[in-house]
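Visitor: Please take me through one part of this model at close range. I would like to see how its helices pack, residue by residue.

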Amino acid sequence: MKQATESRRGDPLLVISDLTKRFGEFTANDGISLELEPGEIHAILGENGAGKSTLMKMIYGVLKPDSGTLKWRGKPVILHNPAHARALGIGMVFQHFSLFESLTVAENISLAIPETVKLLRSRIAEVSTRYGLPVDPDALVHKLAMGQRQRVEITRCLLQEPQLIIMDEPTSVLPPSAVPILFETIRKLAASGCAVLFISHKLEEIRSLCHKATVMRAGRIVATVDPAVESSASLAKLMIGRDIPHPSRSAAKPSDVPALSLHNLTLAPDDPFGTRLDDISLQVRPGEIVGIAGVSGNGQRELAAVLSGEQPLPAKQNGSVRLFGGDCGHSDCGHRRAQGMAFVPEDRNGRGSVAEMTLEQNALLTGYARNLVAYGFVRNAAVSKFAQDCIHEMDVRCSGGDAEARSLSGGNLQKFIVGRELALKPKILVASQPTWGVDIGAASAIRQRLVDLRDEGVAILIISDELEELVEIADRVHALFRGSLSPSIERGDVTDELIGSYMAGNFSPEKLSVEVSGP
Ligand code: ADP
Ligand code: MG
């Protein structure tokens with residue numbers, strides 16, 4: 001509260017009083033009141049389903065409140081639609097992007113701003129320089145990485161000269177390396193007097209960036225705090241209403257024979273911007289969790305593709321991938337799944353699910369081999385129950401098994417995909433970023449589930465750029481650096497210094513060959 005008085009620069013920009021929004025019987029926002037000053041970076045915190053996006057959508061004119069009022073720069077307003085909000089100076093960067101892939105950056109932006117592409121190109125360049133958002137106006141959107149697409153969205157927003165920008169989970173689509181650039185932009189915006197509403201599940205991000213935080217739980221505000229004086233644990237406790245349990249775990253008791261192994265695998269990337277995998281040897285035994293740390297872009301995607309069978313090895317290939325001792329490097333995903341492998345891919349929207357399909361149909365995509373199809377016919381009742389079990393088991397917030405995947409928030413869809421893969425009762429699980437975009441309570445539940453699975457004898461490989469996650473659950477951690485794998489560090493020996501130096505490539509190849517034994 002102290003912070004707010006200090007940063008006060010005149011009258012509030014936005015005053016929300018007693019805003020309520022219902023969906024049928026369900027109250028998604030219940031009597032929300034909030035004030036925002038110019039230049040204030042204000043976090044909205046809460047578990048998946050707490051009502052954060054609903055509140056943002058009311059401020060952006062996407063949803064109409066059932067009751068309550070909004071005052072913008074001292075005057076009561078009723079927002080009719082987003083265009084109205086934009087005209088007043090309110091901009092929003094969405095969690096899911098809304099760009100046309102086949103158009104260039106400037107063409108996309110020209111759809112929202114009635115100016116010639118020529119004039120826009122120079123304004124885009126100007127805004128990019130001012131706010132440190134490098135984007136090429138002539139690049140085709142389909143060629144852009146997630147971080148670059150987000151810059152396009154932010155640039156489009158900034159060109160309309162907003163006084164308030166709403167960012168709904170902007171960091172959940174970014175590789176960690178791109179986060180500091182975004183934060184620099186946000187700080188510049190705030191310094192120029194623009195207010196920012198910022199939603200994130202990463203409490204450390206909020207503590208370093210935001211002046212004030214409003215915590216929501218089940219549609220209500222439960223606290224307003226200065227995040228800098230809180231700890232991540234105290235913020236988490238406010239969010240979920242109790243202490244976050246840390247996964248309880250006993251020592252790993254892995255069997256000796258690896259379930260999954262790679263032997264001296266070297267592979268050129270199939271995409272010109274990909275990473276070459278360089279002489280990778282790796283073993284995952286039943287009953288252990290092996291973590292792969294590293295800054296994303298160091299071969300994680302390529303490694304996952306080789307393990308899952310999405311990228312089968314070429315006919316003439318040095319090195320091998322083995323499942324229970326048998327060579328499987330040339331077989332496809334279906335073949336590997338049939339042997340008891342399950343995967344949680346990094347990209348939940350493209351690879352993990354099909355947006356236009358219902359959750360039931362998405363469950364069938366990988367569950368077909370588990371008794372969901374008989375004599376060539378889909379067993380609808382069984383599929384429905386399977387999807388329902390995943391929803392129940394992972395506490396997925398959605399309207400039911402017939403909800404389309406795209407109707408779920410990112411975190412909820414992630415929970416569904418993890419639930420589906422676990423329900424397949426795999427012998428080997430390969431999971432990339434298993435808790436990406438998932439709130440802190442659900443992330444801790446997923447981690448506990450993974451540890452339990454390990455105790456049941458499942459071999460688990462987790463690729464994650466969240467080091468804390470790996471430190472919490474992995475029994476051994478390797479680091480991936482420019483396509484090379486470091487030796488593994490046993491759980492008790494992991495220190496920030498050691499893993500940090502491995503992540504930066506300081507490990508010796510000699511050690512590597514000693515560490516990993518042959519077939
Ligand atoms: P958050 O952004 O905090 O994760 P949301 O504001 O998206 O939460 O959702 C809050 C609750 O409202 C969720 O339980 C969600 O299922 C429900 N909800 C959101 N939008 C709709 C809608 N259009 N129809 C029905 N229920 C909805
Ligand atoms: Mg949301």
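Guide: What follows is a close look at one helix and its partners, then a short look elsewhere. Keep in mind that this is a predicted model.

Start with helix α12, residues 359–367. Two packed helices are described by the angle between their axes and the distance between the axes. Take helix α14 as the first partner here; it spans residues 410–423. The axes of α12 and α14 come within 10 Å. They cross at roughly 40°. Angles of 65 to 115 degrees count as roughly perpendicular and those under 35 as roughly parallel, so α12 and α14 are oblique to each other. Their crossing is right-handed.

Now the side of α12 that meets α14. Leu359, Asn362, Ala363 and Thr366 come from α12. Leu413, Phe416, Arg420 and Glu421 come from α14. By class, this contact has four nonpolar, two polar and two charged residues.

Turn to helix α13, residues 380–393. Its axis and that of α12 come within 9 Å. Here the crossing is roughly 100°. The two helices are therefore roughly perpendicular to each other. From α12, the contact uses Leu359, Glu360, Ala363 and Leu364. From α13, it uses Val383, Ser384, Phe386, Ala387 and Ile391. By class, the contact of α12 with α13 has seven nonpolar residues, one polar and one charged.

Look again at Leu359 and Ala363 of α12. Both meet α14, and both also take part in the contact with α13.

For another crossing, go to helix α4, residues 105–112, and helix α5, residues 117–131. They pack at an angle of about 105°, with their axes 9 Å apart. That makes α4 roughly perpendicular to α5. Ala106, Ile109 and Ser110 of α4 meet Val117, Leu120, Arg121 and Ile124 of α5. Five of these residues are nonpolar, one is polar and one is charged.

Last, the surroundings of ligand 1. Phe23, Phe26 and Ala28 are among the residues around it. So is the run Glu47, Asn48, Gly49, Ala50, Gly51, Lys52, Ser53 and Thr54. Three of these residues deserve a closer look. A polar backbone atom of Ala50 is 3.2 Å from an oxygen atom of ligand 1. For Gly51, a polar backbone atom is 2.9 Å from an oxygen atom of the ligand. Thr54 uses its side chain: a polar atom there lies 2.5 Å from an oxygen atom of ligand 1.

Note on methods
Residues are numbered from 1 along each chain as its sequence is written. Chains are lettered from A and ligands numbered from 1 in the order in which they are written. This is a predicted model: local features need pLDDT of at least 70, side-chain atom pairs count only at pLDDT 80 or more; totals for chains, interfaces and linings use all residues. Side-chain values use heavy atoms; hydrogens and water are left out. Axes are lines fitted to C-alpha atoms, for helices over the stretch in contact, and angles run from 0 to 180 degrees between N-to-C directions. Helices (H or I, at least four residues) and strands (E, at least two) are DSSP runs, numbered from the N terminus. Angles under 35 degrees count as roughly parallel, over 145 as roughly antiparallel, 65 to 115 as roughly perpendicular and the rest as oblique. A crossing is left-handed if the near helix is turned anticlockwise from the far one by less than a right angle, and right-handed if clockwise. Contact means heavy atoms within 4.5 Å. Ala, Val, Leu, Ile, Met, Phe, Trp, Tyr, Cys and Pro count as nonpolar, Asp, Glu, Lys and Arg as charged, and the others, Gly among them, as polar. A residue is near a molecule or strand if one of its heavy atoms lies within 4 Å of it. A polar contact is a pair of N or O atoms within 3.5 Å; within protein, one must be able to donate a hydrogen and the other to accept it, and residues adjacent in sequence count only if both atoms are side-chain atoms.
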